[in-house]
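Got your viewer open? Let's walk through this model one selection at a time.

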Amino acid sequence: MRVYYEDVDIGGVVYYANYLRFFERARSDWLRSLGVNQERLAAVEGIGFVVARAEIDFRIGARLDDLLEVSVKLTERKKTHFWLEQE
């Protein structure tokens with residue numbers, strides 16, 4: 001994912017809350033790659049995905065125009081929920 005001007009603060013570093021947006025996009029793309037149509041799931045099945053917990057460790061700030069690679073890894077799958085790890 002590319003870091004755009006709208007993602008950064010006055011210093012050109014990604015505003016901390018915007019990392020959650022990058023993670024959300026990566027999760028949506030990951031589900032799509034598995035054949036999950038989130039819109040259909042919500043409309044037909046009445047099923048939606050809710051982020052119940054998020055924990056972030058900040059290391060080095062991404063900057064304007066950086067190209068980020070965001071990964072999604074399934075770490076636990078139960079009948080009613082699943083846990084993901086993202087970097």
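For this tour, a residue is exposed when its relative accessible area is over 50%. Select Asp65 to see that cut-off at work: its relative accessible area is 51%, so Asp65 counts as exposed. Keep in mind that you're looking at a predicted model. Asp65 sits in the loop between helix H2 (38–45) and strand S1 (72–77). Check the backbone while you're there: phi of Asp65 is near 75°, a positive value in a residue other than glycine.

Now zoom out and show the whole chain as a cartoon. You should find two helices and two strands, which follow the pattern α-α-β-β along the sequence. The C-alpha trace spans about 45 × 25 × 20 Å along its principal axes. Of the 87 residues, 20% are buried. Switch on the surface and you have about 7200 Å² of accessible area, with 51% of it belonging to carbon and sulfur atoms. As for contacts between residues at least 6 apart in sequence, 56% join residues at least 24 apart.

Next, select Val3, in the segment before H1. Is Val3 buried or exposed? Its relative accessibility is 0%, so Val3 counts as buried. Leaving out neighbours within four places in sequence, the residues touching Val3 include Phe22, Leu64 and Leu68, along with Asp65 from our opening stop. For a distance check, pick the C-alpha atoms of Val3 and Gln86: they are 17 Å apart in space and 83 residues apart in sequence.

Stay with Val3 and add Val8, Val14, Tyr19, Phe22, Phe23 and Ala62 as sticks. Together these seven residues form the largest nonpolar core. In soluble globular proteins, nonpolar side chains tend to be buried together. Within this core, click on Ala62: beyond its sequence neighbours, its contacts include Val3, Val14 and Tyr19, as well as Gly12 and Leu68.

Helix H1 (18–33) is the next selection. Its 16 residues should span 22 Å at 1.5 Å a residue, and the end C-alpha atoms are 23 Å apart, which agrees. The buried residues of H1 include Ala26, Ser28 and Leu31. What covers the buried residues of H1? The cover includes H2, S1 and strand S2 (82–86). Just past the end of H1, Gly35 takes a positive phi of about 85°.

Time for the charges: there are seven salt bridges to look for. One of them joins Arg21 to Glu6, with the closest N and O atoms 3.7 Å apart. This pair links distant parts of the chain, with Arg21 in H1 and Glu6 in the segment before H1, 15 residues apart. Arg21 is partly exposed at 35% relative accessibility, whereas Glu6 is exposed at 56%.

Still in H1, pick Glu24 and Arg27, whose salt bridge has its closest N and O atoms 2.3 Å apart. The two lie three residues apart, about one turn of the helix. Glu24 is partly exposed at 36% relative accessibility, while Arg27 counts as buried at 17%. Then jump to Arg53 and Glu55, which meet in a salt bridge at 2.7 Å, N to O. Both Arg53 and Glu55 are exposed. To round off the charges, add Asp7 to your selection: salt bridges that share partners join Glu6, Asp7 and Arg21 into one network.

For the last stop, colour Tyr15, Tyr16 and Phe58 on the surface. These residues make a nonpolar patch of about 360 Å².

Note on methods
Residues are numbered from 1 along each chain as its sequence is written. This is a predicted model: local features need pLDDT of at least 70, side-chain atom pairs count only at pLDDT 80 or more; totals for chains, interfaces and linings use all residues. Side-chain values use heavy atoms; hydrogens and water are left out. Patches are made of residues with over 30% relative accessible area and no salt bridge: like charges are joined within 9 Å, nonpolar side chains (Val, Leu, Ile, Met, Phe, Trp, Tyr) within 5 Å. Accessible areas come from the Shrake-Rupley method with a 1.4 Å probe; for residues, only the protein chains shown count as cover. A salt bridge is a side-chain nitrogen of Lys or Arg within 4 Å of a carboxyl oxygen of Asp or Glu. Helices (H or I, at least four residues) and strands (E, at least two) are DSSP runs, numbered from the N terminus. Buried means under 20% relative accessible area, exposed over 50%, partly exposed in between (1.4 Å probe, protein chains only). Contact means heavy atoms within 4.5 Å. A nonpolar core is a set of buried Ala, Val, Leu, Ile, Met, Phe, Trp, Tyr and Cys residues joined through side-chain atoms within 4.5 Å. The expected span of a helix is 1.5 Å times one less than its number of residues.
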